[in-house]
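Visitor: Got a minute to walk me through this one?
Guide: Sure, let me put it up.

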Amino acid sequence: MEIKEILVISGKGGTGKTTITSSIIPYFDSLVIGDCDVDAPNLKILLNPSEKEKNGFLGMKKAKIDSEKCIHCKKCLLDCPKQAIQEKDNHMIFDHEKCIGCLQCVNNCPAKALSHEGDYKEIQEIVDICMQDIDFYEESNGGVTISGGEGMVQPDFVKALLAKLKEHKIHTAIETTGYIKKEIFRELAPMFDLLLFDVKHYDSDEHYEGTHVHNELIIENLAWAITQGIEVLPRIPVIPDFNDSLDDAKGIAALLNQVGAKKVQLLPFHQFGENKYHLLGKTYSYENVKALHPEDLTDYQRIFLDVGIDCFF
């Protein structure tokens, strides 16, 4: 019998995962090891394998702090098992790469200044919440939109959720970056009634500068969805000093014409997310940047209209 995979699952540290795994591995000539220990991946200490890939861990639950409620008792610093909280300039700062989402700091904060973002939900829990507004959907021709982050990074969950929503004949949409493996995108995209598709830049290098990913895969997925007859609404978040120049508009308009898009929505830059950065203890690089309004973008809009693309806010 050929053994293709060994999976060792256990609980907290000290239960013997590393000991068991390292004892078994020498019996195999060739093996791929995935060490998913959040605290201290240490198989490489014992086995000295060649490292092919290394990924950081980001927990789903993220602590955030309301500085106005904080009484500076520093209990959170003492309670955090990963030393993910530091005090700087009389403010508590979170290192979200160290945070494992245990929420000890949140649960033990005497001033209730700490809360958290992110939660775990079952499919039926979400459906039950969505069904509370079924009358509104029917009256307004509305429905349920899966927003991000990026919903397609949880494909199995999204498929199961869509199946349940479709049982109730609910219109479904997703806000997507399009930065998804094309196999996953091509399976999921046709399941939605509408794709709200971000188009951030036409130039791959500029796109990378602003988002840390190139845009070739995004453009490929956008073009595929349009050619398949899927209802797609490209949307441009117009960001100062990133894609707000008239030359940027011309470049994006040419891109949209290239992929066959007939319409586009402009989303002027706003400051609605600023406070969340502060609550999460993260630097907000656009803190003093003025918000944009439709009247600021009339020339920008005109560029799309002039090439036959229906452009609106």
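Guide: We can talk about a pocket, some aromatic pairs and a helix.

Visitor: Before that, what kind of model is it, and how are residues numbered?
Guide: It is a predicted model, where local features need pLDDT of at least 70, side-chain atom pairs count only at pLDDT 80 or more, and totals for chains, interfaces and linings use all residues. Residues are numbered from 1 along each chain as its sequence is written, and side-chain values use heavy atoms, with hydrogens and water left out.

Visitor: OK, what volume does the largest pocket have?
Guide: About 2,000 Å³. A pocket here is an open set of points on a 1 Å grid over the protein atoms alone, where a 1.4 Å probe fits, with protein on both sides within 12 Å along at least five of seven lines; lining residues have an atom within 4 Å of a point. The volume is the space filled by probe spheres set on the points, which are joined across faces, edges and corners.

Visitor: Which lining residues are closest to its centre?
Guide: S147, G148, G149, E150 and E175, out of 45 that line the largest pocket.

Visitor: And which element gives the most to that lining?
Guide: α9, with 4 residues. Helices (H or I, at least four residues) and strands (E, at least two) are DSSP runs, numbered from the N terminus.

Visitor: Switching topic: how many aromatic pairs are there?
Guide: The count is 4. Rings of Phe, Tyr and Trp (its six-membered ring) pair if their centres lie within 6.5 Å; planes under 30 degrees apart are stacked, over 60 edge-to-face, and the rest tilted. One of them is F185 with F197, edge-to-face at 6.1 Å centre to centre and 75 degrees between the planes.

Visitor: What does that pair tie together?
Guide: F185 is in helix α8 and F197 in strand β7, so the pair ties together parts 12 residues apart in sequence. Both F185 and F197 are buried, meaning under 20% relative accessible area (exposed is over 50%, partly exposed in between, with a 1.4 Å probe and protein chains only). Ring pairs also link F185 and F197 with W224 into a cluster.

Visitor: Last thing, which residues of α5 are buried?
Guide: I123, V127 and C130 are buried in α5, residues 123–131. They cover an arc of only 60 degrees around the axis, which puts them on the same side of α5; the arc is that of the directions from the helix axis to the C-beta atoms.
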